[in-house]
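Here is a short note for a colleague who is new to reading models. Please keep the structure open while going through the points.

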Amino acid sequence: MTSQNESRVRDICREHGSVPVRLLDIARAVQSEFRGISQQSIDTIADEIRVPRVTVEACVSFYSFLSVERKGDITIRLCDDVPDRLAGYATVRDAFVEALGIPLGGTTPDGRFTLERTACIGLSDQAPAALVNEVPVPDLSSDRAREIVAALKRHGDPRQLVRKLGDGNNAHSRIQSMVHNNLQYPGEILFSPYHRGEAIRKAVAMSPAEVIRAVKTARLRGRGGAGFPTGMKWEFAREVEADRKFVICNADEGEPGTFKDRVLLTERPERVFAGMTIAAYALGASEGVLYLRGEYAYLLPFLEQRLERRRDEGLLGESIAGKQGFDFDIRIQMGAGAYVCGEETALINSLEGNRGDPRDRPPFPASKGFQASPTVVNNVETLCCVTRILEAGPATFCEFGTPQSAGTKLLSVSGDCRLPGIYEVPFGISLREVLELAGGEMAAAVQVGGPSGKLVGPADFDRRICFDDLATGGAIVVFGPERDLLSIVAAYTEFFIEEGCGHCTPCRAGMPAMLDLLARVRDGRGEPVDLDRLRELGDTIRRTSRCGLGQTAPNPILSSLEGLAPEYESRTGDAAAGLTRRFDLDAALVPAQAVPGRAPSHL
Amino acid sequence: MSRPRIATASLAGCFGCHMSLLDLDERILELAELVEFDRSPIDDYKEFQERCAVGLVEGGCANEENVATIREFRKKCDVLVSVGDCATMGGIPAMRNLVPLEECLQEAYVDGPTVHNPSGLPPGDPELPRLLDRVYALHEVVDIDWHLPGCPPSPEAFWAAVSALLSGEPAELPPSLIRYD
Amino acid sequence: MSESFTFYIDGVPVEAQPGMTILEAAQGAGIWIPRLCWHEDLEPFGGCRVCTVKANGRPCSACTQPAEPDSVVENDTPQLREWRRALVELLFAEGNHFCMICEKSGNCELQALAYRLGIAAPRFEHHWKPREVDASHPDVLIDRNRCILCARCVRASRDLDGKTVFGFTGRGPDRRVAVSSAARLADTDLEVTDAAMDVCPVGALVRKREGFSVPIGSRRFDDAPIGSDIEASGAAEPARQEE
Amino acid sequence: MNTTKRVVIEPLTRVEGHGKVTIKLDPAGAVESARLHVVEFRGFERFIQGRPYWEIPVAVQRLCGICPVSHHLAAAKAMDGIVGVDQVTPTAEKIRRLMHYGQIFQSHSLHFFHLSSPDLLFGFDSDPARRNVLGVAGAYPELARQGILMRKFGQEVIRATAGKKVHGTGAIPGGVNRSLTTAERQELASEIPQQKEWARTAVGIARDYTLDNLGFAAEFAAFPSNHLGLVRRDGTFDLYDGVLRAVNSAGKKILDDVEVDRYADVLIEEVKPWSYMKFPFLRELGPETGWYRVGPLARLAVCDRIGTPEAEAARVEFVEAMGGVPGTMSLAYHWARMIETLSALEEIERLLDDPDIEGDELVLQGERRNEAVGVIEAPRGTLFHHYVVADDDTVMRANLIVSTTSNNEPMNRAVESVARKYLSGTEITEGLLNHVEVAIRAYDPCLSCATHALGKMPLVMEVHDAEGRIVGEGRRSA
């Protein structure tokens with residue numbers, strides 16, 4: 001690294017105060033400026049922010065958007081999530097590979113282009129899709145891929161790829177993206193008309209305790225999937241004595257097949273920020289952070305502008321809405337490509353500039369979270385609900401849904417259906433009704449709640465979407481009769497293996513073993529005992545893993561073994577005379593037969 | 001009634017397990033009272049004489065003939081026991097699983113300091129069975145009923161397992177007899 | 001000092017002080033809970049999950065879970081033994097553990113645990129991924145083939161030696177113990193006298209030239225099964241014998 | 001139709017490890033060629049690269065479960081050189097020698113009683129059902145028991161010094177990890193008188209067998225050869241250490257006083273496509289005439305004397321019987337082997353009487369070196385281990401020439417001569433085929449060492465046509 005680069009890296013550190021807690025931001029900045037974080041840069045950063053070198057490397061090596069090796073000036077990240085595969089990912093990939101003349105994962109010799117695969121980027125309803133640097137490019141085809149490469153070779157500017165703008169705020173001057181909202185079914189809660197400041201003014205007119213009571217009366221439960229009562233979470237944090245408290249909005253929407261938060265952040269960012277502000281008022285927090293997944297970086301200027309406007313209007317900053325002593329502001333923290341950071345304790349580690357390894361609980365964030373202070377982490381959709389509850393009152397909110405699951409749920413529908421997109425439906429709606437709305441009646445199976453949810457077959461289509469039946473963070477991926485379900489299950493299993501942090505044994509070592517067994521069954525080399533193994537090992541992983549990722553990683557296999565057993569049983573069988581089916585002698589002999597001078601043997 | 005028959009074989013192992021079996025010393029003679037030895041490298045039966053009650057197999061599968069042998073044992077034995085770490089997990093021969101096969105042959109038959117090999121080719125005659133891509137534990141190739149780990153298993157482990165099997169008991173070893181070295 | 005309380009492990013009453021983990025309290029009572037990443041001089045890590053118990057019916061790692069008054073903890077049950085067996089077998093399948101030639105054999109906690117859990121052969125396919133050996137340091141060898149990612153060296157170097165020579169890089173199956181230099185252990189400030197050198201439960205971080213100096217028969221676990229020292233120390237009998 | 005027959009003997013039995021013999025017969029049934037194949041490969045030389053040097057003595061002994069101690073000690077001796085120790089402490093050397101003599105004693109006993117005695121006692125073409133140690137136990141219970149207890153004693157000596165009967169850890173670079181306790185020493189010593197009695201008997205049986213069948217032995221797999229082995233500088237027989245000496249069929253020294261680390265200057269191994277076992281020869285003489293025998297027959301041929309009284313007396317008698325020149329009879333290996341067994345026991349007796357084996361000076365350290373050679377006389381012959389170790393203490397290169405490999409050419413000649421003599425133009429019976437195995441067995445080949453082989457097939461006879469297509473098959477089970 002030239003000394004000039006080194007001094008520039010030092011400047012980047014100083015722009016971020018040269019403090020360890022900003023390491024992730026520093027790393028992102030160095031990555032985007034130098035297209036990589038060289039070993040020397042790691043030394044420089046470690047020296048500048050005064051942490052051990054390995055601490056920097058630990059962070060850099062954790063996030064998929066960061067790399068030690070230099071990436072191309074333009075990095076094309078092609079999403080290979082299941083909906084993209086259903087929509088022709090393979091041919092698009094081949095078109096890119098051919099047009100760029102590099103393999104997937106490669107960089108052109110001139111250092112201009114890198115082609116990579118990436119997990120879900122939140123565009124499942126307009127797949128296949130890719131990110132070109134930070135620019136989202138939906139609805140890809142092989143022709144489009146070739147055009148894109150040609151254009152980029154010409155002008156080298158991803159922003160110029162943007163042709164026809166998307167609907168709603170996607171056309172906003174601060175976004176200017178080709179993304180579509182596909183808002184197929186707006187509901188009465190989240191997408192109801194919004195009047196800026198209304199909810200906050202109502203909140204500050206109440207006491208914090210009353211605000212919490214309102215949220216409790218509305219029986220609001222977390223929309224991320226786990227469904228923990230929001231009011232209770234707030235109360236815990238409120239009761240802890242501390243001079244600093246934090247409100248964090250989890251906008252690290254990474255569950256494959258989920259894109260609802262993307263649409264809320266595009267169309268209802270005010271409700272998100274208002275929800276954070278109300279939470280802050282309720283528990284007495286003065287600082288808020290919105291953790292935005294790296295894939296949504298294109299929304300950053302827009303969101304920053306909205307925050308700015310709220311400050312101008314007294315909805316953020318000091319004495320919010322005229323309430324003396326209610327000071328609160330929000331900053332946006334960008335992620336860098338790590339699904340596990342959607343887990344709240346991992347998100348907090350990431351916020352602190354560390355690897356996104358989840359933490360042990362207890363202690364829970366509500367008592368000891370960000371920088372060891374009481375911290376509430378809420379999902380984007382949850383915070384929007386909070387705002388609506390304050391606007392319209394708990395009673396209105398509870399008109400929708402079921403006793404256990406009040407309100408509406410925002411669903412991201414994709415896959416084999418006619419109308420992929422966003423649906424705001426009341427809790428308690430049956431899966432069948434959702435499929436009818438979306439034109440997916442022909443479904444042979446549906447992934448409800450993304451890979452960490454359940455893969456269910458037609459027998460379960462009358463089950464209801466709510467916390468006490470089919471709980472979901474919002475992803476609904478539809479699979480038609482012609483799909484190879486075990487390959488889909490394998491793809492989701494690979495996703496968890498890639499995204500796990502590696503901290504604990506069951507998830508790190510167990511999931512690859514699950515995949516071995518699954519592949520054996522898929523390839524027709526499985527035996528009934530392998531299905532028992534899958535069930536036993538899956539149960540062990542689910543029960544002994546430390547965090548939510550590990551506890552749900554076996555779900556694609558376990559739920560399909562339950563709901564779609566014939567898929568497995570039809571491909572397994574007993575081996576003759578105690579010989580295992582999985583051993584393939586011919587395949588095992590290939591390398592030996594290839595050795596020079598090797599004659600066929602007498603056997 | 002005739003005594004139960006036992007067959008033994010060594011595949012990709014070092015014969016240490018057979019040595020440890022012989023380390024039963026006087027008890028070998030006791031054992032001979034109880035069983036009939038069928039096909040085994042310690043006698044001159046080169047193929048199975050009869051169906052056997054127990055097959056004890058040392059070594060993993062490193063080449064196509066190992067595979068043929070273990071399949072033959074599976075067919076001819078009621079209870080099949082993999083004996084020793086090579087049989088249960090590949091053992092030392094499986095260290096080659098971490099290195100490309102061709103590099104191993106190259107070092108032994110072409111690059112070695114005292115090698116005289118004008119052809120520059122490793123042995124490849126039809127009489128030589130082809131090597132497998134990697135060394136396999138026996139249970140990867142056929143169903144195995146019991147495992148006797150150890151490098152080698154102690155004579156006591158053999159004694160415990162064999163006497164259990166002869167009295168129709170499961171051949172589960174107590175932790176004190178489970179060793180991997 | 002706030003007062004001690006009682007909770008129950010497999011039906012045995014156990015005294016604990018507030019703030020104690022289940023594992024610590026059990027230890028004091030002479031009840032052995034299987035563990036690998038836990039070390040008495042180090043902060044709990046909760047990584048190996050071998051110490052998984054059920055507290056009031058919920059699975060949790062005994063090394064991180066605080067003991068609670070009157071809580072009912074299951075430790076030595078068939079289900080928990082089965083989970084632990086699977087976890088230990090997975091560690092064997094994931095690394096490249098050739099016990100028969102490993103200098104830690106007989107003194108290795110992973111191996112001793114596998115013995116005690118009665119593991120005769122692996123159930124899961126070995127991955128056969130070669131891992132790096134770092135022999136650059138004059139007095140220390142890292143053989144990652146044997147590493148179980150327990151973070152003992154990471155924690156000891158950071159918290160006991162104040163050096164942070166080690167850390168984790170990568171994620172998922174690619175997670176590995178890295179050293180605080182561009183490449184080689186030799187370029188770190190690790191010294192052979194560091195506390196980090198005494199904590200590795202397996203043969204991944206060893207002092208050079210010491211291998212096999214302890215004869216077979218005198219090794220730590222040659223005669224005493226792992227955990228037997230704890231069980232011998234305490235008042236309570238191991239539950240299994242009580243059943 | 002012009003057809004050739006291919007006869008396969010597989011697996012070879014009652015040899016340590018498996019081998020396979022193929023015999024090609026011409027249409028008239030005359031033997032065209034006969035070969036011993038070693039058909040398994042392991043690749044130690046490559047996969048121990050990158051391993052730390054102190055692991056090697058424990059790792060490479062796994063080449064072979066029959067003579068692991070030989071590999072353990074040869075590697076340890078090489079590693080002494082790597083750690084710069086030219087002479088280990090008296091205690092270390094004596095513990096290692098004790099271990100080694102225990103190994104010679106058990107291995108030779110195993111071979112003679114468990115593996116070869118059935119041929120000698122019952123006859124080569126006796127009923128295969130009883131041609132095994134249990135058959136011997138039936139007919140000669142005392143003899144079988146004696147053999148088993150002799151082997152047991154050797155194994156106990158190994159356990160006392162290496163911690164384990166098979167694959168122990170006693171020797172480490174620069175020394176050993178333990179010495180003997182007084183109790184261990186006394187317990188072993190108490191067995192010496194009985195063991196000596198038995199060892200003498202064994203020498204007698206082997207001698208009488210050879211002398212009673214001298215005429216037959218002179219015809220059966222007998223041929224002149226060079227011989228190679230270690231001797232002390234003064235020419236005395238030594239199984240643990242020394243310099244290389246080779247003599248030709250007339251007993252003339254063709255190599256003498258060669259330091260072992262020069263082995264590569266005098267030896268080279270030919271690779272042939274049909275065996276994984278290489279064919280060593282003396283560089284100076286070339287592959288045609290440079291091949292040589294190793295093992296008991298060769299060791300008695302190269303040494304001037306044995307340093308222990310009873311064995312020396314037996315050696316003198318042996319040399320006379322051989323007519324004062326190096327032995328040419330493969331069958332004479334048995335007698336030579338039992339003489340060595342007796343000498344090993346005499347050495348064990350001496351060592352158990354030596355206070356040094358209770359000493360506590362176990363290990364030395366010297367100036368690190370990068371390359372070293374360790375050579376030892378294993379039960380089956382001279383064993384070479386050669387290592388290059390990088391500055392970071394990991395192995396960069398390993399070269400192993402194991403005993404049985406050196407006997408590869410002699411064994412093939414033995415096979416060919418027996419096949420031509422007994423199989424040509426006659427109906428081939430199991431008994432006749434066992435003659436071939438008897439010839440191989442005489443060398444006590446440890447095919448485990450020699451990359452070790454495998455097998456499963458019964459005796460198969462295939463009839464090929466001129467193009468080598470199989471036109472008929474005869475199968476005869478043993």
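In which helix of chain D is Ser116(D) found? The points below begin with that residue and then turn to chain A, the contact between two chains, and the nonpolar core.

1. This is a predicted model, so please read every point with that in mind. Ser116(D) is found in helix 4 of chain D, the helix that covers residues 90-122.

2. Is Ser116(D) buried or exposed? Ser116(D) has 23 other C-beta atoms within 10 Å. A residue is called buried if 20 or more lie within that distance, so Ser116(D) is buried.

3. Leaving out residues up to four places away in sequence, Ser116(D) touches His111(D), His334(D) and Arg441(D). As for Asp392(D), 276 residues separate it from Ser116(D) in sequence, and the C-alpha atoms of the two are 47 Å apart in space.

4. Chain A contains 24 helices and 14 strands. The radius of gyration of chain A is 25 Å, and the globule rule gives 25 Å for 603 residues, so chain A is as compact as a globular protein of that length. Along the principal axes, the C-alpha atoms of chain A fill a box of roughly 95 × 65 × 50 Å.

5. Of the 603 residues in chain A, 56% are buried. If one takes the contacts in chain A between residues at least 6 apart in sequence, 72% of them join residues at least 24 apart.

6. How many residues does the contact take from chain B and from chain D? Chain B gives 56 residues and chain D gives 59 residues. On the side of chain B that touches chain D, several elements each supply at least two residues, among them helix 1 (16-22), helix 3 (64-76) and strand 6 (115-116). The residues on that side of chain B are 31 nonpolar, 11 polar and 14 charged.

7. Strand 6 of chain B also pairs across the chains: two bridges join it to strand 9 (residues 267-270) of chain D, and the strands run parallel. In one of these strands, strand 9 of chain D, Glu270(D) is the bridge partner of His116(B).

8. The largest nonpolar core has 476 residues, and those that touch the most other members are Ile278(A), Ala279(A), Cys61(B), Ala161(B) and Val415(D). Apart from neighbours within four places in sequence, Ile278(A) is in contact with Ala199(A), Ile200(A), Ala203(A), Val211(A), Val386(A), Thr387(A) and Leu390(A).

Conventions:
Residues numbered from 1 in each chain as written. Chains lettered and ligands numbered in written order. Predicted model: local features only at pLDDT ≥ 70, side-chain atom pairs only at ≥ 80, totals over all residues. Helix = DSSP H or I, 4+ residues; strand = E, 2+ residues; numbered from the N terminus. Rg over C-alpha atoms; globule rule 2.2 N^0.38 Å. Buried ≥ 20, exposed ≤ 12 C-beta atoms within 10 Å, placed from the backbone. Contact = placed C-beta atoms within 7 Å. Nonpolar A, V, L, I, M, F, W, Y, C, P; charged D, E, K, R; others polar. Pairing = 2+ DSSP bridges. Core = buried A, V, L, I, M, F, W, Y, C linked by C-beta atoms within 7 Å.
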